[in-house]
Amino acid sequence: MRHNDRADESDKRERRREILSVRNGLTPDDVRVSAAALARRALELPELAHARTVAAYVSVGSEPGTLALLDALRARGTRVLLPALLPDNDLDWGAYEGGESLTRVQHGTRMALFEPSGPPLGPDAVTGADVVLLPGLAVDAHGTRLGRGGGSYDRVLARLDRAGAHPSLVVLLYDTEVVARVPAEPHDRPVHAVVTPSGVRRFD
């Protein structure tokens, strides 16, 4: 690892701590109100309006809420895929069939995640998605996304590249998490758009 890589990784860790500290200060009402606004904004995206399959995720804790959006997409007749974390940090996928189809899974000492309880479709299922909704902590003016650092979605994006799949990549954030600069590494792939409770910003 080169010196600049170490500096960027240190910068990423510090930025993650700062953003998570702000998120942890949000009340349940803050999260609920933001989630409703986020769903309204996201549903205005033409990419989601025309998507047959959307790969998404279930928000946890103080993350920008996704359940209202997942239910709205499903009500439209959109097929929604949700991830299940594998032991090596890769992601399997399963179909979302409503809130009753989710199972709370504790992954070691990390936070519990809500995952699809239906049959696993395999890690390659994501390559059939028209839109991939990505979790994140920030995005910058170039569309560079700051993730949590686990690497799961780096694997997803690499899998899409290998398959020659080109879905729209959309990150869901709070308004304050759209920033001037995010530390970038060579493997980082920019997103096409960010949706926040106040609107949409495109990068392509």
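## A walk through the predicted model

Let us begin with helix α2, which covers residues 28-43: its 16 residues, at 1.5 Å a residue, should span 22 Å, and the end C-alpha atoms lie 23 Å apart, which agrees. Please keep in mind throughout that this is a predicted model.

### Helix α2 and its surroundings

Which residues of α2 are buried? They are Val 31, Ser 34, Ala 35, Ala 37, Leu 38, Ala 39 and Ala 42. The elements that cover these buried residues include the helices α3 (46-50) and α4 (67-76), together with the strands β9 (168-172) and β10 (193-196). Looking at the sheet, you will find α2 lying across β9, β10 and β11, at about 140° to β10.

The helix also has a charged pair to look for. Arg 32 makes a salt bridge with Asp 29, and their closest N and O atoms are 3.1 Å apart. The two residues are 3 places apart in α2, which means that about one helical turn separates them. As a general point, an α-helix has 3.6 residues a turn, so residues three or four places apart point the same way. Arg 32 counts as exposed because its relative accessibility is 51%, and the cut-off for exposed is over 50%. Asp 29, with a relative accessible area of 47%, is partly exposed.

### Salt bridges across the chain

In total, the structure holds 12 salt bridges. In general, side chains of opposite charge can pair when their charged atoms come close. Here are three of the pairs, with the distance between their closest N and O atoms.

| Pair | Closest N and O atoms |
|---|---|
| Arg 32 and Asp 29 | 3.1 Å |
| Arg 148 and Glu 63 | 3.9 Å |
| Asp 161 and Arg 189 | 2.8 Å |

Where do Arg 148 and Glu 63 sit? Arg 148 is in the loop between β8 (145-146) and α5 (152-163), while Glu 63 is in the loop between β1 (53-55) and α4, so that this pair links distant parts of the chain, 85 residues apart. Arg 148 is partly exposed, at 41% relative accessibility. Glu 63 counts as buried because its relative accessibility is 8%, and buried means under 20%.

Asp 161 and Arg 189 form a salt bridge as well. Asp 161 belongs to helix α5 and Arg 189 to the loop between β9 and β10, so the pair ties together parts that are 28 residues apart in sequence. At 45% relative accessibility, Asp 161 counts as partly exposed. Elsewhere, Asp 90, Asp 124 and Arg 159 are joined into one network by salt bridges that share partners.

### The sheet

Next, turn to the open sheet of 7 strands, whose order is β3-β2-β1-β6-β9-β10-β11 and whose pairing is mixed. Why do β3 (91-95) and β11 (199-202) each have one side without a neighbour in the sheet? Both stand at the edges with a single partner strand each, so one side of each is left free of a neighbouring strand. From one strand to the next, the twist averages 25°.

At the β3 edge, β3 runs antiparallel to β2 (residues 79-85), and 5 bridges join the two. One example is Leu 81, whose bridge partner in β3 is Ala 95. Helix α5 packs on the sheet as well, touching β2, β3, β6 (131-134) and β9, and its direction makes about 80° with that of β3.

At the β11 edge, β10 and β11 are antiparallel and joined by 4 bridges. Ala 193 has Arg 202 as its bridge partner in β11. These two strands form a hairpin, with 2 residues between them.

### Inside the fold

In soluble globular proteins, nonpolar side chains tend to be buried together. Here, the largest nonpolar core has 45 residues, and Trp 93 and Leu 133 have the most contacts inside it. Leaving out residues up to four places away in sequence, Leu 133 touches Val 54, Ala 55, Ala 56, Tyr 57, Leu 69, Val 170 and Leu 172. A second, separate core has 5 residues, including Ile 19, Leu 137, Leu 146 and Val 182.

One last stop is Thr 78, in the loop between α4 and β2. Is Thr 78 buried or exposed? Thr 78 counts as buried, with a relative accessibility of 9%. Apart from its neighbours within four places in sequence, Thr 78 is in contact with Ala 51, Arg 52, Thr 53, Val 54 and Leu 73.

Conventions:
Residues numbered from 1 in each chain as written. Predicted model: local features only at pLDDT ≥ 70, side-chain atom pairs only at ≥ 80, totals over all residues. Heavy atoms only, no water. Expected span 1.5 Å × (residues − 1). Buried < 20%, exposed > 50% of the residue type's maximum accessible area, 1.4 Å probe, protein only. Contact = heavy atoms within 4.5 Å. Salt bridge = Lys/Arg side-chain N within 4 Å of Asp/Glu carboxyl O. Core = buried A, V, L, I, M, F, W, Y, C linked by side-chain atoms within 4.5 Å. Pairing = 2+ DSSP bridges. Axes fitted to C-alpha atoms, helices over the stretch in contact; angles between N-to-C directions.
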